[in-house]
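Me: I should like to learn how to read a protein model step by step. May we begin with charged side chains and then turn to the wider fold?

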Amino acid sequence: MNEKISPKFNMIKVNAAEALNTAIREKKIDPLMIGICTWISQTPEFFTTSTCSGRTTLMDLNSTETKKENVFYRKWHSTVKFSEVWEAIEKYEKKGNLWLRQDPFVYVVGTNSWENAQRIIRACQEAGVKRYGIHHAEKEDLHANVVVEY
């Protein structure tokens with residue numbers, strides 16, 4: 001085990017790996033992301049807590065327009081045809097405001113050092129990713145969550 005890896009980081013990484021395995025087993029993870037998530041979880045200094053390869057959604061928002069899991073009227077994690085979206089819109093029983101939304105891919109990657117967080121950021125820059133950054137960091141017993149959105 002790497003000396004830089006603290007017991008706290010290791011605990012967070014183990015919990016994230018267990019959550020990933022549960023999500024895979026229960027088919028609650030975007031199938032396109034399983035390979036990269038599994039690979040990240042097998043590295044000693046990185047873990048992932050959330051990913052999505054991108055999606056198109058129809059969201060049923062209430063008057064306050066708050067986004068909660070139950071507002072997803074329809075979700076597609078793959079290329080969707082206009083006819084599929086239109087059919088879903090036609091079948092919509094008005095409850096609130098229906099929003100059409102396209103989200104890019106998202107990775108949330110945790111690591112145990114600033115150097116590793118910077119490596120992820122450099123990789124994002126070289127790949128042309130437009131939105132990325134450190135979302136959370138703890139000075140004591142460092143771990144950083146890097147959020148990557150394209």
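Reply: Certainly. This is a predicted model. In it, Arg 55, Arg 101 and Asp 103 are linked in a network of salt bridges.

Me: Which distances, N to O, belong to the salt bridges of Asp 103 with Arg 55 and with Arg 101?

Reply: A salt bridge requires a side-chain nitrogen of Lys or Arg within 4 Å of a carboxyl oxygen of Asp or Glu. The side chains of Asp 103 and Arg 55 meet at 3.3 Å. For Asp 103 and Arg 101, the closest N and O atoms are 2.6 Å apart.

Me: In which strands do Asp 103 and Arg 55 lie?

Reply: Asp 103 belongs to strand E4 (residues 97–103) and Arg 55 to strand E2 (residues 55–61), so their salt bridge ties together parts that are 48 residues apart in sequence.

Me: Is Asp 103 buried or exposed?

Reply: One compares the relative accessible area with a cut-off: under 20% is buried and over 50% is exposed. Asp 103 has 12% and is therefore buried. Arg 55, at 17%, also counts as buried, whereas Arg 101, with 33%, is partly exposed.

Me: How many salt bridges are there, and what is the accessibility of Lys 28, which takes part in one of them?

Reply: The count comes to 4 salt bridges. One of them joins Lys 28 to Glu 26, with 3.4 Å between the closest N and O atoms. Lys 28 is exposed, at a relative accessible area of 64%, and Glu 26 is partly exposed, at 44%.

Me: What is the nearest side chain of opposite charge to Asp 30, and how far away is it?

Reply: It is Arg 55, at 8.3 Å; Asp 30 is buried yet has no salt bridge. Asp 30 lies in the loop between H1 and H2. Beyond its neighbours within four places in sequence, its contacts are Cys 52, Ser 53, Gly 54 and His 77.

Me: How should one read a helix that has a buried side?

Reply: An α-helix has 3.6 residues a turn, so residues three or four places apart point the same way. Helix H1 (residues 7–25) has 19 residues and reaches 27 Å from its first C-alpha to its last, close to the 27 Å expected. Its buried residues are Phe 9, Lys 13, Ala 16, Leu 20 and Ala 23. They cover an arc of only 85 degrees around the axis, which puts them on the same side of H1. On the other side, Pro 7 and Arg 25 are exposed.

Me: What covers the buried residues of H1?

Reply: The cover includes helix H2 (34–42), strand E1 (46–52) and strand E5 (106–111). Just after H1, Lys 27 takes a positive phi of about 55 degrees.

Me: Which residues make up the largest nonpolar core?

Reply: To read a core, one looks for buried nonpolar residues joined through their side chains. Here the largest has 6 residues: Ile 40, Phe 46, Val 109, Ile 120, Cys 124 and Val 129. Apart from neighbours within four places in sequence, Ile 40 is in contact with Lys 13, Phe 46, Phe 47, Thr 48 and Val 109.

Me: How many helices and strands does the chain have, and in what order do they run?

Reply: There are 4 helices and 7 strands. From the N terminus on, the order is α-α-β-β-β-α-β-β-α-β-β. Buried residues make up 37% of the 150 residues in the chain.

Methods. Residues are numbered from 1 along each chain as its sequence is written. This is a predicted model: local features need pLDDT of at least 70, side-chain atom pairs count only at pLDDT 80 or more; totals for chains, interfaces and linings use all residues. Side-chain values use heavy atoms; hydrogens and water are left out. A nonpolar core is a set of buried Ala, Val, Leu, Ile, Met, Phe, Trp, Tyr and Cys residues joined through side-chain atoms within 4.5 Å. Buried means under 20% relative accessible area, exposed over 50%, partly exposed in between (1.4 Å probe, protein chains only). Contact means heavy atoms within 4.5 Å. Helices (H or I, at least four residues) and strands (E, at least two) are DSSP runs, numbered from the N terminus. The expected span of a helix is 1.5 Å times one less than its number of residues. The arc is that of the directions from the helix axis to the C-beta atoms. Lys and Arg count as positive and Asp and Glu as negative; His and the chain ends are not counted.
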